[in-house]
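New to this one? Have a look at the sequence and the fold, and then let's walk through them together.

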Amino acid sequence: MTPRVAAIVPAKDEADRVAATVTALLGLEPVDLVVVVDDGSSDRTAQVAAATPALVVRHQTNLGKAAALETGVLRLAEEEIRTGRDPHLLLFADADLGDSAANLEPLLQPVLAGTADLAVANIPRSASSLGSGRVVRLARAQIEAMTGRTMEQPLNGMRALTRETFADATPLATGWGVEAAMLVDVLRAGRRVVEVPVELTHRRTGHDLKGRLHRAMQLRDVSTALLARRFLS
């Protein structure tokens, strides 16, 4: 039997896009369940998501992406026990993908086929706020130094993975260091990691003060998470 996939969608103030994202994800043939984790939004993200077929969990305050992902997987496990379903494979998808989430199926294929344990989306640079900036270069260099693997987009959050691979990465690194730290943890565990070209669009980080502050926090969190892993055996 072909494994089924559950999409975990961390969301913060995405009331205008979350419904389209959920609809697109449920349109993917292998996906039969979506869990939206509203991470302390100040808008109507939770209410909008609740009007879709997704399961919705809400953090009363913003706890960060790592906590949202862990909450989503925990809620998924509870639903699997309640319904007697077999464990799902995981798809992590940002809430701001909107209709473009319908393009994620190629990301699932290596994991569904059993040829990879973790697949990371490699999206067009023109559509990504990750680009090849300072934080990406830092993450790429440190991951290569620690694991021998060069990742084109080490900070991309769109990922398909097995439950065992997720377990290898937990507890997840906090803040914006979650993606880079996950790669180090699962590569060190001997998991098979691939990058898959995917056409996606999402809200890009701007170059205003808010955008610069975001990148500064991202640099801090990625540096902290990877530094911690340099001293782990």
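What follows is a short tour of a predicted model, from its sheet to its cores and a few odd spots.

## The sheet

Start with the strands. Seven of them make an open sheet, and reading across it you meet β3, β2, β1, β4, β6, β5 and β7 in that order. The pairing is mixed. At the edges sit β3 (55-59) and β7 (193-197), each with a partner on one side only. On average, neighbouring strands here are turned by 20° against each other, direction ignored.

Two helices are worth finding next. Helix α1 (residues 18-26) packs on the sheet and touches β1, β2 (31-39) and β4; its direction makes about 160° with that of β2. Helix α3 (residues 65-83) lies across β1, β2, β3 and β4, at about 135° to β2.

## Strand β4 and its partners

Now zoom in on β4, which covers residues 89-92. With β1 (residues 5-11) it pairs in the parallel sense, over four bridges. Along that pairing, Ala6 stands opposite Leu90, and Ile8 has Phe92 as its bridge partner. With β6 (residues 159-161), β4 pairs in the antiparallel sense, over three bridges, and there Leu90 stands opposite Leu161.

Are the side chains of Leu89, Leu90, Leu91 and Phe92 buried or exposed? They're buried on both faces of the strand: Leu89 and Leu91 on one side, Leu90 and Phe92 on the other.

## Two nonpolar cores

The largest nonpolar core has 38 residues. Those with the most contacts inside it are Ile8, Leu90, Phe92, Ile143, Leu172, Val193 and Leu226. Its largest share, seven residues, comes from α7. There's also a second, separate core of 34 residues, which includes Leu91, Ile123, Ala160 and Val196. So β4 has a hand in both: Leu90 and Phe92 belong to the largest core, while Leu91 from the other side of the strand belongs to the second.

Ile143 is a nice residue to click on. Not counting residues up to four places away in sequence, its contacts include Ala180, Leu183, Val184, Leu187 and Leu226.

## Helix α7

Why is α7 largely enclosed by the rest of the structure? Because 10 of its 11 residues are buried. The buried set includes nonpolar residues such as Val178, Leu183 and Val186, along with Glu179 and Asp185. After the helix comes Gly190, whose phi is positive, near 85°.

## A buried lysine

Lys65 lies in helix α3. Its relative accessible area is 17%, under the 20% cut-off, so Lys65 counts as buried. What does its side chain join up with? A polar contact of 3.2 Å links it to the side chain of Asp94. Leaving aside neighbours within four places in sequence, Lys65 also touches Pro10, Asp39, Gly157, Val178 and Glu179. Two of those, Val178 and Glu179, are among the buried residues of α7.

## Backbone oddities

Most residues other than glycine have a negative phi, and most peptide bonds are trans. Here are two spots to check against that.

Asp13, in the loop between β1 and α1, has a positive phi of about 55° although it isn't a glycine. At 27% relative accessibility, Asp13 counts as partly exposed. The other spot is the peptide bond from Thr170 to Pro171, which is cis, with omega near 0°. Pro171 lies in the loop between α6 (163-169) and α7 (178-188).

How values were computed. Residues are numbered from 1 along each chain as its sequence is written. This is a predicted model: local features need pLDDT of at least 70, side-chain atom pairs count only at pLDDT 80 or more; totals for chains, interfaces and linings use all residues. Side-chain values use heavy atoms; hydrogens and water are left out. Two strands pair if DSSP finds at least two bridges between them. Axes are lines fitted to C-alpha atoms, for helices over the stretch in contact, and angles run from 0 to 180 degrees between N-to-C directions. Contact means heavy atoms within 4.5 Å. Buried means under 20% relative accessible area, exposed over 50%, partly exposed in between (1.4 Å probe, protein chains only). A polar contact is a pair of N or O atoms within 3.5 Å; within protein, one must be able to donate a hydrogen and the other to accept it, and residues adjacent in sequence count only if both atoms are side-chain atoms. A nonpolar core is a set of buried Ala, Val, Leu, Ile, Met, Phe, Trp, Tyr and Cys residues joined through side-chain atoms within 4.5 Å.
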